[in-house]
Every structure is written in C-alpha cells, then in structure tokens.
Amino acid sequence: SDLLSFSLYFTAHRKDSIHNLRVIHAQRLLQESDYSITEISKRVGFSNVTHFNRVYKSVTGMSPSQNKLVYLKRGKPADLGMLESIRDEMTVGDLCQLAPLKTLSPYLFTHMSEDMWSRKLSAFGLEKCAIPQALGAFCQAERAGTFRILDVYSREVTDRDPEKAQVKLLYLAGKAGMPFALVCPGGGYNRQWTLVEGLPIAWQLSQMGYHTFILLYRSGKTGLLPDPLEDIAQSLQVIAPLAESCHFTTGHYAVCGFSAGGNLASLWGTRAEGYARYGARRPAALLLGYPSTAHELMYDLLEASRDPAFRTGTGQYLARVAGSGFTRESLGRFSPVTQMDADFPPVYLVHCQDDPTVPVQSSHLFEEALDKAGIVHRCRFPAHGGHGFGLGIGTDAEGWLDQAVRFWQEVSRPDEGE
C-alpha cells in the first residue's frame, strides 16, 4: 500500500514537472516569437491545443492568449513599448523617427516626399490596417531573427544600373513546409505603401503559417513598365535558393497585389508580359485587392472627366505605366483585361463599390474577362471600404484575407511539382 502510494505520488509529480517545463518553454515562445497558440502547443509537446490551454491555465492562472496580451503590453523590451504610443494624430515622420523602427522606417513609404512625411496617420487607418500590431510583430521578428531584408540585384548589377538598388525583399518567416507569398504593395507606381499594404498583410499571412516576401519594386518614374515585372522575375531567382534553409516550398506560391501592385501582380499572371516571358513558374493563385486591371477604361474616364484632381492623378499614373505620350492602344499592353489568356492563374479579388481611386468597373471588366477565359476565380465587391483599406478591419471588406487564403489552398494542385 505504501509502495503504491509512493508510485502514484511520484507519477503525479513527475507529470506536473513535465507540464511545468513545457509551460516555461511555451511562455518563452509566447514572449519571443510570433507563433500561433496552436503552433506553440505542438512545439512544446502537446498534441491537443485544448489540453495545452487547460494545462497552461492550471499552471499560470491565465490562458496562453491572455498571457500573450500581457507580454505584448508589458513583457517586451522597453523600447518596443514606444509602439504603444502610436496615435492617429502622429505624422508619418513621427512614426519613422521611433527608435524601434530604425530598420523598417526607410521602407514604410518608399520614395518619401515632404507631403507624405507630414501626413497624419489617421489618413491610413491604424485600426483598419492593424498598423501598430504589424509594426510590433516585425520588430519582434527582427529580434528573433525571423525577419530579413534582401537585395534583389547583385552589387555588380546595381553598379551598372543604380535604379535597381531600390529593389528589396522584406522576408517574414512562416511555418516549416509551407508555401510563400510575394506581396506587391500599391502606390500608383510612384512609391509603395508598405505600411498599409505590405507589413500588415505579411504579418497576417505569417500568422497563418505562410512565408512572406514583400517586394519593393522599381517605381517613381515615367514609362516605368515593364521594369517591375523584371523585378518579380529576379525576386523569384533570389527566393528559390532560400527554400531549403528557410524551410518553405516553392511549388504553390501566390502573388498578392494592391492597386498598382495589383496591376503588377495580375500582369505577372499573363503569358505575354509575365511569368512565361521570364521563364518562371506560374503562380498557384493571384490574391488581388482593388487592382488596376483595365487601363483603357481609365483612359476613357480621363478623356471624359473635367475634374482637375482626377485628371492630374490619373494622367500621372497612366504616364508612369506607359510613358508621357500614352495612348489607349499603348496602355493595352499593360492592361490585364486585354492580356488575359487561357493559362491565367486562379484569382481571388476584393474591390469595394465606393472606391474613389480605382473605379470598381475595372474589376467588373476583369471578372468578365476571367469568365470568358474560363479562369477559376472568386470576386467580392463589398459596398463600403473605399480604397487602400489593407486588411479592411471594421469595413465591409473585413475577413477578405482569410477568404483569399482559403481560395489559395483550394486551387493549389498537389500534382504540381516543387
């Protein structure tokens, strides 16, 4: 009887000790990584996340999610606490001067101008785009070694062509064995709005397990295209050799693009101007947010408009696409509606009906072209959300990225080689 009691006591306390060790390991991962609760539970030795949550709470007195919030608010290094001070009334310049963002600040908005530097953050929507959370995640990832900035072109190439020095990849790691996404932020081909359409998207994709590369492509000049398409092609050449060491797969990659970046992403899906022209693998899916896909429509609207602001903005954008002497015909080369073919990748698209910048009619034309070509697609046209909504939290478009990722999973064919 005494022997049995001792055996039961030893077994129970040995189990408690193992649980305590696992919880200590989990606390460290909660504090130092961006892994999901489910991923952490597996990494510390639990096969069931519900059981993990129960054990964690019995040891610490709070759930893993509650503990994570505590770490986000108090458990981070002191300088990262500065990110909690981000407010709507701050300017882009104020944000760029925060010490924890020293590495990221040159890329929040490329080709920084005085008017952008002085613009208030309220213009972008801190909550709508989850900007503070995304910045915090990237800063934590930098410290954990899971965020890197990569040059796309070699020093030898950039010495010959200095414009290519601006092309970078911002890499955020995901889970081992998962595919990668290439994210192309918008900005009218004048700059990239990485703060709105790059970092938050990459952060959320990483939370879902996907490895993410934000592409900072060439921009800011007249007659820009097809240069950014070459940047995608070269980026894929840089990404491929990293697959083994970074533990991601390459066979089912997606390209995600917004506004002008959506134009770039959808052009990459064409044989004439995109992947086939550069001898690259076709993407498994295109995930598009309010993309500019019908330049002929924009030309017609420009010709009919008497609004000075619309004429200036649209005219400058189209000049960046096809040069200052652009015509309706020359714009067609870089219009995905015109360049659509039967080998175009599957498409998920979201575009709000009240978009004041890229007319939603362009996406309706794009959807018609997809139908005509027989391309698998899923289009969502929320009533309200405007332009540049990023993650779209609190708008009619909320949840679009989760839907887009499910679509990507559905259309990724297992018979495609790696």
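Both Y348 and F407 are buried in this predicted model, and I shall begin with that pair of rings. The ring centres of Y348 and F407 lie 6.3 Å apart, and the planes stand at 55°, so the pair is classed as tilted. Distant parts of the chain are linked here: Y348 belongs to strand 7, F407 belongs to helix 20, residues 400-411, and 59 residues separate them. The two rings also belong to a wider group, for ring pairs join F258, Y290, Y348, F389, W400 and F407 into a cluster.

Across the whole structure, the search returns 23 aromatic pairs. A second example is W268 with Y278, whose ring centres are 5.8 Å apart; the planes make 25°, so this pair counts as stacked. W268 is in helix 14, while Y278 is in the loop between helix 14 and strand 6, so the contact ties together parts 10 residues apart in sequence. As for exposure, W268 is buried, at 0% relative accessibility, whereas Y278 is partly exposed, at 27%.

Let me turn to the sheet. How many strands form it, and in what order? Eight strands make up an open sheet, ordered 1-2-4-3-5-6-7-8, with mixed pairing. Its edges are strand 1, residues 147-151, and strand 8, residues 377-380, each of which pairs on one side only. On average, neighbouring strands are turned by 15° against each other, with direction ignored. As general background, the strands of a sheet pair through backbone hydrogen bonds, in either a parallel or an antiparallel arrangement.

Starting from the edge, strand 1 runs antiparallel to strand 2, residues 168-172, and five bridges join them. Within that pairing, R148 stands opposite Y171 of strand 2. Strand 2 in turn pairs with strand 4, again in the antiparallel sense and over five bridges; here L169 faces L215 of strand 4. On pairing with strand 3, strand 4 adopts the parallel sense, over four bridges, and V183 stands opposite I214 of strand 4.

Is strand 4 enclosed by the rest of the structure or open to the outside? Six of its six residues are buried, so strand 4 is largely enclosed by the rest of the structure. H211, F213 and L215 point one way from the strand, T212, I214 and L216 point the other way, and all are buried.

Two helices deserve mention alongside the sheet. Helix 11, residues 199-207, lies across strand 2, strand 3 (178-184), strand 4 (211-216) and strand 5 (248-258), and it runs at about 165° to strand 4. Helix 14, residues 260-268, also packs on the sheet, where it touches strand 3, strand 5 and strand 6 (285-289); its direction makes about 135° with that of strand 5.

I come now to the charged pairs. The count of salt bridges is 17. One of them joins R119 to D115, with 3.9 Å between the closest N and O atoms. R119 is partly exposed, at 29% relative accessible area, and D115 is likewise classed as partly exposed, at 46%.

Another salt bridge connects D227 with K221, with the closest N and O atoms 3.2 Å apart. D227 is buried, at 18% relative accessible area, while K221 is partly exposed, at 28%. Both residues take part in a salt-bridge network that links E163, K164, R218, K221, D227, E230 and D231.

A further salt bridge is formed by the side chains of D343 and R271, at 3.8 Å from N to O. This pair connects distant parts of the chain, 72 residues apart: D343 sits in the loop between helix 18 (336-339) and strand 7 (347-350), and R271 in the loop between helix 14 and strand 6. D343 is partly exposed, at 39%, and R271 is partly exposed too, at 41%.

Finally, the cysteines. How many disulfides does a search of the whole structure find? The search finds zero. Why is C139 not bonded to C96? The closest cysteine sulfur to that of C139 is in C96, 12 Å away, which is too far for a bond. C139 is itself buried, with a relative accessible area of 2%. C379 is in no disulfide either; the nearest cysteine sulfur, that of C352, lies 13 Å away.

Key. Residues are numbered from 1 along each chain as its sequence is written. This is a predicted model: local features need pLDDT of at least 70, side-chain atom pairs count only at pLDDT 80 or more; totals for chains, interfaces and linings use all residues. Side-chain values use heavy atoms; hydrogens and water are left out. Two strands pair if DSSP finds at least two bridges between them. Helices (H or I, at least four residues) and strands (E, at least two) are DSSP runs, numbered from the N terminus. Axes are lines fitted to C-alpha atoms, for helices over the stretch in contact, and angles run from 0 to 180 degrees between N-to-C directions. Contact means heavy atoms within 4.5 Å. Buried means under 20% relative accessible area, exposed over 50%, partly exposed in between (1.4 Å probe, protein chains only). A salt bridge is a side-chain nitrogen of Lys or Arg within 4 Å of a carboxyl oxygen of Asp or Glu. A disulfide is a pair of cysteine sulfur atoms within 2.5 Å. Rings of Phe, Tyr and Trp (its six-membered ring) pair if their centres lie within 6.5 Å; planes under 30 degrees apart count as stacked, over 60 as edge-to-face and the rest as tilted.
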